[in-house]
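Let's take a walk through this model together, starting at one residue pair and working outwards. Keep the viewer open as you read.

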Amino acid sequence: MTQQAYIIDDDDAIIDSLSWLLQSRGVPNRNYSSAESFLETWSPELSGCVLLDIRMAEMSGTELFERLIERGNSMPVIFLTGHGDVPMAVAALKNGAFDFVEKPCNDNELVDRVIEAFKLDSAQRVQAASADSVNTRINQLTARERQVMELVLSGKLNKNIADDLQISVRTVEVHRSSLFEKMSVRTAVELAQVVATSTGKTKT
């Protein structure tokens, strides 16, 4: 799905201004005049970032942010705040928001942050897709291959693995070769790196 900036603000003038600003830099965007209207159309497939006003007439930006977290939203969220809302925005940052920008803001700096949020969103989705692929491969391993994999990852040699599992070294070699093939790796180091991807331990 094409990345977009999702602008959520109950002030039409601000929406128009932000929409024009983003379009002038080639950033696609969609606009919502309430948190409720965005929630109605939100889905995990949406890609890009959210530009969210903290103070709105009905559901507040912080409440919407909490709802999105509950639903598993992965898009970065940039809060738009007035001066008095900074403590709330800082609290939101601690809860996982990407950034907050005080109104009125520097136009180019705001768009730059949106573009950075797009990059983060893309990187997170690539990592998630990679983790899904690794988990699929792990699920193809037999129970014995998983046991061998765990012992390989703990740094044990084939002889030690054979002793632990009470099987022959040759049998360990067969299982090791099979699991390496299924995991598309050639060495124990590569195996550790691939498995780390599935557990979220790799760094972006």
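Start with I8, which sits opposite L52 in β3. Before going further, bear in mind that this is a predicted model. That pair belongs to a longer match-up: β1 and β3 run parallel and are joined by five bridges. Now look at the other neighbour of β1. Here four bridges link β1 to β2, again in the parallel sense, and I7 has N31 of β2 as its bridge partner.

With a strand on either side, what happens to the residues of β1 itself, buried or exposed? Five of its five residues are buried, so to speak a mostly covered strand. You can check this face by face: Q4, Y6 and I8 point to one side, A5 and I7 to the other, and all of them are buried.

Now zoom out to the whole sheet. Strands of a sheet pair through backbone hydrogen bonds, and the pairing can be parallel or antiparallel. In this model five strands make an open sheet, ordered β2-β1-β3-β4-β5, with parallel pairing. Its edges are β2 (29-32) and β5 (99-102), each of which pairs on one side only. Going from one strand to the next, the twist averages 20 degrees.

Over at the β5 edge, β4 (residues 77-81) pairs with β5 in the parallel sense, over four bridges. If you want a landmark there, pick T81, which stands opposite E102 in β5.

Next come the helices that pack on this sheet. Helix α1 (residues 12-24) touches β1 (4-8), β2, β3 (48-53) and β4, and its direction makes about 175 degrees with that of β2. Helix α5 (residues 107-139) also packs on the sheet, with β1, β3, β4 and β5 as the strands it touches; its direction makes about 135 degrees with that of β3. As for how the chain gets from one strand to another, β1, α1 and β2 form a β-α-β unit that is right-handed.

Let's step back to the full chain. It holds nine helices and five strands. Read from the N terminus, the order of elements is β-α-β-α-β-α-β-α-β-α-α-α-α-α. Why call the chain more spread out than a compact globule? Its radius of gyration is 24 Å, whereas the globule rule gives 17 Å for 204 residues; the value is well over the rule, so the chain is more spread out than a compact globule. The box filled by the C-alpha atoms, taken along the principal axes, is roughly 75 × 30 × 30 Å.

A few whole-chain totals round off the tour. Of the 204 residues, 41% count as buried. The chain exposes about 11100 Å², and carbon and sulfur atoms supply 50% of that area. Finally, take the contacts with a separation of 6 or more: residues 24 or more positions apart account for 62% of them.

Key. Residues numbered from 1 in each chain as written. Predicted model: local features only at pLDDT ≥ 70, side-chain atom pairs only at ≥ 80, totals over all residues. Heavy atoms only, no water. Pairing = 2+ DSSP bridges. Helix = DSSP H or I, 4+ residues; strand = E, 2+ residues; numbered from the N terminus. Axes fitted to C-alpha atoms, helices over the stretch in contact; angles between N-to-C directions. Contact = heavy atoms within 4.5 Å. Rg over C-alpha atoms; globule rule 2.2 N^0.38 Å. Buried < 20%, exposed > 50% of the residue type's maximum accessible area, 1.4 Å probe, protein only. Areas by Shrake-Rupley, 256 points an atom, 1.4 Å probe, with all protein chains shown as cover. Right-handed = clockwise from strand over helix to strand, strands pointing away.
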